[in-house]
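User: Could you take a close look at one helix for me, and tell me which way its faces point? I work at the bench, so please spell out the cut-offs as you go.

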Amino acid sequence: MTAPGVHGDVRDRPPVTERRLHPVTPLRRAWAPVAVLIGWALHDPDQAQRQLTRLTTTHLLIGLAALIPAAALYGFLTWWFTHFAVTESELRIRTGLLFRRTAHIRLERIQAIDVTQPLLARVAGVAKLRLDVIGTDKKDELAFLGAGEARALRAELLARAAGFAPETAHEVGEAPSREMLRVPPGVLAVSLLLTGATWGWLLVAAVVVPLLWTATHSLWTVLAAAVPLFGAAGASSVGRFVAEYDWTLGESPDGLRIDHGLLDRAHETVPPGRVQTVRLVEPLLWRRRGWVRVELDVAGSSNSLLLPVAPRELAESVVARVLPGVSVPPREALSRPPRRARWCVPLWWRGYGLAVTDAVFATRHGLLRRSLSLVPHAKVQSVRLAQGPWRRARGVADVHVDTGANKSVTARLRDATEAAALLRSQAERSRTGRRDARPDRWMA
């Protein structure tokens, strides 16, 4: 007889098969000892330079002869002692050469699984699996697996998380996807050129570099200031272009799928029902073209970008897919703060706005770079009213709504009476929204 709460005899369960990562993984792990030496050299460059000047060619050759086998051995051993297995209820990852670590990842707590392929990994035909799990800030990962094995394992884990039986999860395969839109490279390039951050860094560099040269006449001082400035400008334009190249958004039963990257390809999933906030960002130079950028706050996930650039009408249709039943309020529906709020934040108070519909709490801020934040009532965890001495004297207050992604959206500089009524009404809307919300399910 089976005891209550025990499903069959443990001896009747199929054995758990542990698997290793792809054989090219030791090449990745072997760089760790080299990285330690590089880190030491960067930490104390003067001492490193003195030590290098004392070394002869013979000493360097002996050091390389010792370092290369040691690095290869370290890479092999860390790969040999790393295993993973999929059981009936969890993904188990065992790692560690000297200090053993076993991660038990409950399948029902998995929110998203991303497949990424850095450039060298694409050449080698391998991929990295990164898992978003509820309650953890850092993603667990399996690096590297064969590209086909990574996709098959991802499909199996998502099927298990959706409630499919272990014996049928292998047969489910990856859920079909329907492409919704693709961002043309030309549109992406133009949008980055019209972004103020790139030109802002270049303007700062054009002012700072000549001033430093005039004041110091030191080439090293100028380079020390110029390299970070031009690097920041490049990161905000070239870096983003490389990362967001060929941005493709698709819809599938397991969520919205995102593929992007010129050198490093990434295959990400926005889990259904876990999006807490959607932001439509509208830089100043994009407005004549009607473009917006769509950003996300996802509970327990680091995925924060849905669309790098898209026409506003198309972006609003995508938002309706992400937040079912939610429509983006028109500009005229957003009410501004009272005119007396200008004494709290001169000029910029005109960029603030608020709209509350039956489905969403929407706020806007910014004049040069407008940002419209949408929070479904069901995602609001708490509501707060804040009013400092100066705001109290002007009769205005801020209303903050907190979401499950540990972020807040604020309706700023509202009339104090309106803010108090909004506090009470929003608390009731949130309770009603959570009660009527559909449960978050994979592959529904």
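Analyst: Happy to help; here is a walk along helix H9 and what surrounds it. This is a predicted model, in which local features need pLDDT of at least 70 and side-chain atom pairs count only at pLDDT 80 or more, while totals for chains, interfaces and linings use all residues. Residues are numbered from 1 along each chain as its sequence is written, and side-chain values use heavy atoms, with hydrogens and water left out.

Let's start with length. Helix H9 covers residues 196–216; helices here are DSSP runs (H or I, at least four residues), numbered from the N terminus. The expected span is 1.5 Å times one less than the number of residues, so the 21 residues of H9 should span 30 Å, and the end C-alpha atoms are indeed 30 Å apart.

Now the faces. The buried residues of H9 are Thr198, Ala205 and Val209, where buried means under 20% relative accessible area, exposed means over 50%, and partly exposed is in between (1.4 Å probe, protein chains only). Seen down the axis, these buried residues fall within an arc of 15°, so they line one face of H9; the arc is that of the directions from the helix axis to the C-beta atoms. Their cover includes helix H8 (185–193) and helix H10 (219–244), with contact meaning heavy atoms within 4.5 Å. On the face turned away from the buried side, H9 carries the exposed residues Leu203, Leu211, Thr214 and Ala215.

Finally, just after H9, histidine 217 takes a positive phi of about 55°.

Note on methods:
Helices (H or I, at least four residues) and strands (E, at least two) are DSSP runs, numbered from the N terminus.
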